Amino acid sequence: MTDSEVWLNVSCGNDHTCAVDSDNDAWCWGAGGNGVLGIDSTDNQTTPQQIISPSKWKVIIAGTVATCGLTYPDAAAYCWGYDLFGTVGNGIASNDDVKVPTQVAGNVGSWLDIDTNGLASVGIVGTLKTD
């Protein structure tokens, strides 16, 4: 991130923070347990680290044990972190750490919003009305 960029979205979880910059790149820092930083590691980070990304980002939500986000401009949903009870949404309740962004399973259309906290993640799918 350069000095001239600004944060478009900032989200604070229990022990980590994530943000989207003006180039729609996503960054996370703080406690890396369960892979919540999305950098293919569980190491703690004291400075923002660019997440391993399949795309640009609209929003990133830092939760308790997982992180989720919506890509830009296509609004695909991705989650990563602790996958107990299927928190990551990849179709596998593995009790494993998912350390990189993983697309939420199912062809459900365009995501309008996403959130994660505790051991659950939730999203809204649909089409925005313009009139």
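Leaving aside neighbours within four places in sequence, which residues is Cys12 in contact with? The views below, taken from a predicted model, take up this question and others.

**View 1. Contacts of Cys12 in strand 1.** Cys12 lies in strand 1, which spans residues 7-12. Beyond its neighbours within four places in sequence, Cys12 touches Thr17 and Ala62. The residue is exposed, at 59% relative accessibility.

**View 2. Cys12 and Ile60.** In sequence, 48 residues separate Cys12 from Ile60. In space, their C-alpha atoms are 9.8 Å apart.

**View 3. The salt bridge between Lys56 and Asp25.** The closest N and O atoms of this pair are 2.9 Å apart. The distance falls within the 4 Å limit, so the pair counts as a salt bridge. The pair joins distant parts of the chain, 31 residues apart. Lys56 belongs to strand 5 (residues 56-62). Asp25 sits in the loop between strand 2 (16-21) and strand 3 (26-30). The count for the model is 1 salt bridge.

**View 4. Exposure at the two ends of the salt bridge.** Lys56 is partly exposed, with a relative accessible area of 34%. Asp25 has a relative accessible area of 16%. That value is under 20%, so Asp25 counts as buried.

**View 5. The whole chain as context for the close-ups.** The protein has 0 helices and 10 strands. Of its 131 residues, 41% are buried. Among contacts with a separation of 6 or more, 38% join residues 24 or more positions apart. The accessible surface is about 6800 Å², and carbon and sulfur atoms hold 49% of this surface.

Definitions and conventions
Residues are numbered from 1 along each chain as its sequence is written. This is a predicted model: local features need pLDDT of at least 70, side-chain atom pairs count only at pLDDT 80 or more; totals for chains, interfaces and linings use all residues. Side-chain values use heavy atoms; hydrogens and water are left out. A salt bridge is a side-chain nitrogen of Lys or Arg within 4 Å of a carboxyl oxygen of Asp or Glu. Helices (H or I, at least four residues) and strands (E, at least two) are DSSP runs, numbered from the N terminus. Buried means under 20% relative accessible area, exposed over 50%, partly exposed in between (1.4 Å probe, protein chains only). Contact means heavy atoms within 4.5 Å. Accessible areas come from the Shrake-Rupley method with a 1.4 Å probe; for residues, only the protein chains shown count as cover.
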